[in-house]
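Thanks for coming. Please have a look at the sequence and the structure on the screen before I start.

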Amino acid sequence: MTALYDKLTRILLLEQEQGFTDRAVIGGLSRFLGYWREQAAESGSDGQVAPAADAILRGLEGYARMAPDERRRAITQALARARDANTAAPRAERPAAASSRPDGPAEGTPARHRISESPPPAPDARRPRPASRSAPPKRSTARKGEELTLESPVTAIKGVSNVYQERLARLGLHTIKDLIYHFPRRYDDYSRLQTVNRLRLGDEVTVVGTVRSAKTWRARSGQRGVSVSLSDGTGVVEARFFGPWYMAQRFRAGNEVVLSGRVDQYLGRLVLNNPEWEPLQRELLHTGRLVPVYALTRGIGARRMRGLIKDTLDYWTPRIVDPLPAAIREEQGLMGLGKALEQIHFPESTEALQEARRRLCFDEFLLLQLGVLGQRSLWREQEGLPLDASRLDLDAFVASLPFALTGAQERVIRDILADLERPTPMRRLLQGDVGSGKTVVAVAALLAAVRNGYQAAVMAPTGLLAEQHDRTIRALLEPFSDVRCALLTGSLPAPEKARIHDQAEAGEIDVLIGTHALIQDTVSMPRLGLVVVDEQHRFGVTQRAALAERGAARPHVLAMSATPIPRSLAMTVYGDLDVSVLDEMPAGRQPIITAVRDDSNRERIYAFVNAQVEQGCQAFVVCPLIEESDEVPGKAAVSEHRRLQETIFRHLRLGLVHGRMSADEKDEVMAAFRRREMDILVSTSVIEVGIDIPNATVMLVESAGRFGLAQLHQLRGRVGRGDERSYCILLSDDSSVAALERLRIMENTADGFALAEEDLRMRGPGDFFGVRQHGLPSLKVAQLSDTAVLEQARGAALRLFEEDPDLGREEHRNLALSVRHFWASAESAS
């Protein structure tokens, strides 16, 4: 019984040392007392709690709800009762004094056990370790003589050698700040404290007990290990460790340790195989809590990474300056930056982790929005090229078209012409679903620029798409024969490129259409008045800016995207742009019939595709992978192309295109498909944007669950561009109800924006495009699906920008520095 009261006394003394904060044990004192009550009952006669123990428990009941003075009185009273109970115990039960134990701790024992060291002994019950996290660290992490900053290299930290620095560099960790912001990928929940007599097979648990024995073993296979017997008063459990024999020295009989892991079975009894473990101490790192799991690399183990980050945090979190003004923290109810960094790495609870994540998420969104607002302000301060929209003769242009404009097209054209008349450069994003008629809107703007004596440029992400634009724009401008158009792509012969360069510089080309070749230094357009960037999310910020600098003055910019972008995403990624949406489809466009099927329908699907080809049509077969992978399930384009050609469609002509092919190779295959030299094109998602094959009527998507809804919608848009009825078949290799229901959303709506919103809610922003692709800073914590925090951060950014656009006030200087550092990461990555 005395061991029971000794354990309680250590915890109560620790709680007293910490100032009665209810943080002496994970989950609070009440959780520990529940565990202690069970042990007291096991130790009492007939399974009953002894009167002395019961009195202690009643005195501490409701401790978490007590005021500080009440807690002080309760702890003092409980300590007195525990001392009295221990004194009354029979002498034979009492253990030797802690100070006389050969394995008793020396003062200042390290807080964490590393696998390369012998385990520190159990803490002295009479002298608990200092518990205040706000106390100064016991030692600096700096090497002697070095002045530490967050930008210091990781070698400035004690224990990090040049070899270890190279290993950390493989994870992108070069500075102390990198290490602090190396956030966990996930967490193992070892916070569930359990007694041995209540262990169940398969549970993830934490057990606290005393080592009874440690023995080495050797299997017939030659594998060695250590078997540790652990008792907690309610029973005995075996922990089996797979490793060298000397591990047994780390488990000395009588030491109290904490084990965390999954309950397994061995020879009919419950065991813990290779659990995380550490000595029972004030602050657990690897067990008994939400344990962080980090990205690792060869030569860096999980325990070493946790220990390194913990030591760094202990030293730095009290020293980190919080750049967020106190007024905003209070208004938004956010925890301080130092505490947020502690809790994101080593959370005390799920609630603390959520609050830490919210704070760091808010920071990233705020810095992102302040940068975007700054870019917008700078753009608006520049002198533009005001045009006279009346020179376009909009009525004549509309009358020349072979079709009627939709109301949405007319509205957006008016918005663009109004922008072009302003003295500041236009910066507008034109969003429109597949087939909504974006190109004709862009041509109206091109013609307006040309009629004002300026040149215009159109940039597309691929040569094939550039050629498609060239054909469409020339056809729409055919009634205006004085407008001179040219196509410039990387595949043109050198003499042809040189001729186009000379004509553009001489002003002999009015509309220059092309690819990345337009942003080469050899291309000059002295009278450039308008830049149109199609599928603009395919270009980085640097590329777009380079094209806008082809002329002598700052031209107007119109960005177009057929990828429906949810509002929350658009206001983040394109917060510096005005946005127009073509939300009306032209009349007469046939709906695409969409069907979700599983593998049991495969033969019928192949028969249907074959019938469509026999009628003179063509088909796409899209796979999520290029080649087969053991790690990622799903159909692969290369092997599927081979299988279909050799076994299913031997009498048909099949082509193959994927992302590892060069741009010229892809363009050559697509051109052959457009010329009907192939019946079926097997592809990855590289064909999702812009390709116009009017004769294609079937889109078969293999392993459709591997794609986002927005991406599937783009793939569906590759068919239905001719006069024939078209079909999109989504073939799922997951026949679960949830997987099929998700895909059936595609059957029920053709609204790309509704699908995009649903996709963002279900899968996050990754299915639209990568943030780095936009030249935006990478987000370590925030996801663009965190719309509530995004709205709060945007509101705070707008208020800050209105009050202090340069962030020049004293209270905003640290925030201004953070904005610069945050956006510098994007510039270095572009």
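I will go through a helix pair, a buried histidine, a covered strand and an open sheet.

One thing to keep in mind throughout is that this is a predicted model.

Let me begin with helix 9, residues 337-345, and helix 10, residues 350-381. Their axes are 8 Å apart, and the two helices pack at an angle of about 125 degrees. Angles that are not roughly parallel, antiparallel or perpendicular count as oblique, and helix 9 and helix 10 are therefore oblique to each other. Their crossing is left-handed. On the helix 9 side, the contact is made by Leu337, Ala340, Leu341, Gln343 and Ile344. Helix 10 contributes Ala352, Leu353, Ala356, Arg357, Arg359, Leu360 and Asp363. Sorted by character, the residues of this contact are 8 nonpolar, 1 polar and 3 charged.

Next, a single residue. Histidine 182 sits in the loop between helix 6, residues 176-180, and strand 1, residues 186-189. Is histidine 182 buried or exposed? Its relative accessible area is 9%, and the cut-off for buried is under 20%, so histidine 182 is buried. If we leave aside neighbours within four places in sequence, histidine 182 is in contact with Leu171, Leu173, Tyr294, Ala295, Met305, Ile309 and His345.

Now to strand 14, residues 556-561. How many of its residues are buried? The count is 6 of 6. On one side these are His556, Leu558 and Met560, and on the other Val557, Ala559 and Ser561, so that both faces are covered. Strand 14 runs parallel to strand 9, residues 427-432, and 5 bridges join them. In that pairing, arginine 428 has leucine 558 as its bridge partner. Strand 13, residues 528-533, is also parallel to strand 14, and is joined to it by 4 bridges. Here leucine 530 has histidine 556 as its bridge partner.

Last, the open sheet. It has 6 strands in the order 16-21-20-17-19-18, with parallel pairing. Which strands stand at the edges? They are strand 16, residues 593-598, and strand 18, residues 654-657; each has a single partner strand, so one side of each has no neighbour in the sheet. From one strand to the next, the twist averages 20 degrees. Strand 18 pairs with strand 19, residues 680-683, in the parallel sense over 4 bridges, and glycine 655 has leucine 681 in strand 19 as its bridge partner. Finally, helix 22, residues 737-748, lies across strand 16 and strand 21, residues 727-732, and runs at about 165 degrees to strand 16.

How values were computed: Residues are numbered from 1 along each chain as its sequence is written. This is a predicted model: local features need pLDDT of at least 70, side-chain atom pairs count only at pLDDT 80 or more; totals for chains, interfaces and linings use all residues. Side-chain values use heavy atoms; hydrogens and water are left out. Axes are lines fitted to C-alpha atoms, for helices over the stretch in contact, and angles run from 0 to 180 degrees between N-to-C directions. Angles under 35 degrees count as roughly parallel, over 145 as roughly antiparallel, 65 to 115 as roughly perpendicular and the rest as oblique. A crossing is left-handed if the near helix is turned anticlockwise from the far one by less than a right angle, and right-handed if clockwise. Contact means heavy atoms within 4.5 Å. Ala, Val, Leu, Ile, Met, Phe, Trp, Tyr, Cys and Pro count as nonpolar, Asp, Glu, Lys and Arg as charged, and the others, Gly among them, as polar. Buried means under 20% relative accessible area, exposed over 50%, partly exposed in between (1.4 Å probe, protein chains only). Two strands pair if DSSP finds at least two bridges between them.
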